[in-house]
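Hi,

Here is the structure I promised to pass on. Have a look at it first, then read my notes underneath.

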Amino acid sequence: MKHYLAGTCVALFIFSGQIVVAGTVQQACLMAQSTKANNRVCRCIQNAADATLNSKDQSLAAAIIRNPDNVTDIKSSKRRTHAQFMERYSQFGELERAFCS
């Protein structure tokens, strides 16, 4: 019984933490000056980011959401890591368009 109760408490803590804490991409989305930015859409976009981007990628994606001009600098960069990011960012965009529009 003690193990069941402890497991339930841990599960509640984890789930409540996910509800309260918005991800990096979701926070950037909510601060965006878009008329489409609302909690439901931004949470969906965060879920797409969680499925396709690691935490470092999500920080970069959030920077793009906050300032879309950043994508031009990343696309024109000669860094291999930026090219790899753009591939993952493209997958993120496809998933976001498919499920969050």
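**What I found**

In the protein chain, 56% of the contacts with a separation of 6 or more are between residues 24 or more positions apart. Keep in mind as you read that this is a predicted model.

The secondary structure is quick to describe: the protein chain has six helices and zero strands. Going along the sequence, that reads α-α-α-α-α-α.

On burial and surface, 28% of the 101 residues in the protein chain are buried. The accessible surface of the chain is about 7,400 Å², and carbon and sulfur atoms account for 58% of that.

Then there's the pocket, where I spent most of my time. The largest one has a volume of about 530 Å³, and 19 residues line it. If you want to find its centre in the viewer, go to Cys29, Ile45, Ile65, Tyr89 and Glu96, the lining residues that lie nearest to it.

Which helices supply at least two residues each of that lining? They are α3 (39-52), α4 (55-66) and α6 (80-100). Of the contributors, α6 gives the most to the lining, with seven residues.

As for the character of the lining of this largest pocket, twelve of its residues are nonpolar, four are polar and three are charged.

So much for my notes; over to you.

Cheers

Notes. Residues numbered from 1 in each chain as written. Predicted model: local features only at pLDDT ≥ 70, side-chain atom pairs only at ≥ 80, totals over all residues. Heavy atoms only, no water. Helix = DSSP H or I, 4+ residues; strand = E, 2+ residues; numbered from the N terminus. Buried < 20%, exposed > 50% of the residue type's maximum accessible area, 1.4 Å probe, protein only. Contact = heavy atoms within 4.5 Å. Areas by Shrake-Rupley, 256 points an atom, 1.4 Å probe, with all protein chains shown as cover. 1 Å grid on protein atoms, 1.4 Å probe; cavity = no way out; pocket = protein on both sides within 12 Å on 5 of 7 lines; lining within 4 Å. Points joined across faces, edges and corners; volume = space filled by probe spheres on them. Nonpolar A, V, L, I, M, F, W, Y, C, P; charged D, E, K, R; others polar.
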